[in-house]
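Work through the following exercises with the sequence and the model side by side. Each one sets a task and then solves it step by step.

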Amino acid sequence: MAIATINPATGETLKTFEPLNDAEIIAKLDLANQTFEQYRQTSFLTRSQWLQKAADILEQDKAEFAKLMTLEMGKPFKAAIAEVEKCAVVCRYYAEHAPGFLADVSIKTDASQSFVRYQPMGVILAVMPWNFPFWQVFRFAAPALMAGNVGLLKHASNVPQCALAIEEIIRRAGFPEGAFQTLLIGAAKVADLMADDRVKAATLTGSEPAGASLAVAAGKQIKKTVLELGGSDPFIVLESADLETAVVTATTARMLNNGQSCIAAKRFIVAEAIADKFEKLLLEKFEALKVGDPMQPDTDLGPLATPGILQDLDQQVQAATKSGGKVLTGGHPLSDRPGNFYPPTIIIGIPPEASIAKEEFFGPVALLFRVPDIDAAIKLANDSPFGLGASAWTTNDQESDRLVEEIEAGAVFINSMVKSDPRLPFGGIKRSGYGRELSIQGIHEFVNVKTVWVK
């Protein structure tokens, strides 16, 4: 993929970038490594002040950054504004809490003194996706920088201006040159970076194949990785649920980021007793959504990020119908306009055992399944190679306890949609990846947990 800004609402190529050559990559690696030796000595207070300044910049210039996201990957402008604001929140969260998260922990033993100390690892590579081009980066950068690490960002090739803007925000905030650098490079260069001794670890948010590729490259070098990969999140609605609220939330959860979110609800698993009503209400909500220019404030659903994503999604929808599914609404790309637009789509009747039912649909397509009871709902929810998040709806405490205990996922949200929050760890199991971001667990992923014993 060329490193370029291509407006997904129009198909127009707005700006292209030359990838870094090998000499330029080496120079940036050298700078990162040199910067780390001084940066690791800075105080928590100094890092905190810089990170608070980054939050100030994000808030002050949020319209500018939001417009950049909408232009490069098609996110509705109002959602892009919210994303920038959330980035400021995570910066302030770690600026405030990192000193406590990384304070020495004394442990009573037979030593005169024994404790755990958390120390930075060095240069950390972040391979980030296009779908949340600011949030995904800042939720890595904020804890990594507060821990005393330095970062190298290999962002998705279709959001280069977002990548450069993030580097500039961190520089403007006061962080030293080399503390956080953007590498405009293709995916083929990642393995070489992992083989370089100066890179100590890596994190990746993206597709399952991309995660597997990075894990192989890192494994050859015995280097740690954190992977946040795909999801086919279940949205379970049981008979006792507040149906009206569940349907409204289901619509929001499926259309999040034009349907292009790992934690978007994708498989709607509904108790048979209420399935007819749920289906009717969901269809009404989907058909009322406005598809159009993502810069307009009344737009609910913008374009998919690239023509390839549009094509892949449509092929999945056609495969679903061939497997026995029926399209209630949508089901084909919108050909009456330029850009990568796909309408809100609902598919019912796919056999749960069909291979297509186990795939991730990365776009505004909802798969609706009916089940007789909670046992069947949990079984179907877990019948997936993924395990990122799950949303479940019930007013029965016993059902709630079972859902929390038995659903195989990194997160279970009862009577709410799945979302990330700086205060809570975020990540998945199974083929959705491993490791955690955010909260205290996130900042501990890229530090040396050093045991100290003094007699």
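**Exercise 1. Describe the largest pocket of this predicted model: its volume, its lining and the elements that supply that lining**.

Step 1. The volume comes first: in this predicted model, the largest pocket holds about 1100 Å³ of space.

Step 2. Turning to the lining, 37 residues surround the largest pocket, and those closest to its centre are P129, W130, G206, S207 and A210.

Step 3. When the lining is assigned to secondary structure, α7 (190-195), β8 (199-205), α8 (208-220) and α11 (307-322) are each found to contribute at least two residues, and the largest share, 6 residues, is that of α8.

**Exercise 2. Find how many cavities of 30 Å³ or more the structure contains, and characterise the largest cavity**.

Step 1. Searching the whole structure gives 4 cavities of 30 Å³ or more, and the largest cavity has a volume of about 110 Å³.

Step 2. The largest cavity is lined by 13 residues, of which F140, P143, G442, E445 and F446 lie closest to its centre.

Step 3. Two elements, α5 (135-146) and α14 (439-444), give two or more residues to this lining, with α5 providing the largest share, 4 residues.

**Exercise 3. Decide whether C87 and C91 are bonded or unbonded to each other, and whether each is buried or exposed**.

Step 1. Recall that a disulfide is a covalent bond between the sulfur atoms of two cysteines.

Step 2. The structure holds 0 disulfides. For C87, the nearest cysteine sulfur is that of C91, at 7.0 Å, and for C91 the nearest is in turn that of C87, again at 7.0 Å.

Step 3. Because the criterion requires cysteine sulfur atoms within 2.5 Å, the 7.0 Å between C87 and C91 leaves C87 in no disulfide, and C91 is likewise in none.

Step 4. As for accessibility, C87 counts as buried because its relative accessibility is 0%, and C91 is also buried, with a relative accessible area of 0%.

**Exercise 4. Compare the end-to-end reach of helices α6, α9 and α10 with the expected span, then list their buried residues and what these pack against**.

Step 1. Helix α6 (residues 160-172) has 13 residues and reaches 18 Å between its first and last C-alpha, close to the 18 Å expected at 1.5 Å a residue. Its buried residues are P160, C162, A163, A165, I166, I169 and I170, and their cover includes β1 (4-6), α2, α3 (62-73), α5, β6 (150-154) and β7 (180-182).

Step 2. Helix α9 also has 13 residues, which should span 18 Å, and the 18 Å between its end C-alpha atoms agrees with this. Among the buried residues of α9 are L243, A246, V247, R254 and M255, and the buried residues of this helix pack against β10, β11, α10, β14 and β16 (389-393).

Step 3. Helix α10 (residues 272-287) has 16 residues and reaches 23 Å, close to the expected 22 Å, while bending by about 25 degrees at F278. F278 is itself buried, as are I274, A275, E279, L281, L282 and F286; the buried residues of α10 pack against β10 (233-237), α9 (243-255), β11 (265-271), β12 (326-329), β13 (345-348) and β14 (365-371).

**Exercise 5. Locate G174, N257, I222 and K430, and state what phi each one takes**.

Step 1. G174 follows α6 and has a positive phi, near 115 degrees, and N257, just after α9, takes a positive phi of about 60 degrees.

Step 2. I222 has a phi near 55 degrees, a positive value in a residue other than glycine; this residue is found in the loop between α8 and β9 (224-228) and is exposed, with a relative accessible area of 76%.

Step 3. K430 also has a positive phi, about 55 degrees, although it is not a glycine. Unlike a loop residue, K430 lies in strand β18 (residues 429-430), and with a relative accessible area of 36% it is partly exposed.

**Exercise 6. Place T46 in the fold and find how far apart T46 and F268 are in sequence and in space**.

Step 1. T46 lies in helix α2 (residues 44-60) and is partly exposed, its relative accessible area being 25%.

Step 2. Between T46 and F268 there are two separations to report: 222 residues apart in sequence, and 47 Å apart in space from C-alpha to C-alpha.

Notes. Residues numbered from 1 in each chain as written. Predicted model: local features only at pLDDT ≥ 70, side-chain atom pairs only at ≥ 80, totals over all residues. Heavy atoms only, no water. Expected span 1.5 Å × (residues − 1). Bend = angle between axes of the 7 residues up to and from the residue. Buried < 20%, exposed > 50% of the residue type's maximum accessible area, 1.4 Å probe, protein only. Contact = heavy atoms within 4.5 Å. 1 Å grid on protein atoms, 1.4 Å probe; cavity = no way out; pocket = protein on both sides within 12 Å on 5 of 7 lines; lining within 4 Å. Points joined across faces, edges and corners; volume = space filled by probe spheres on them.
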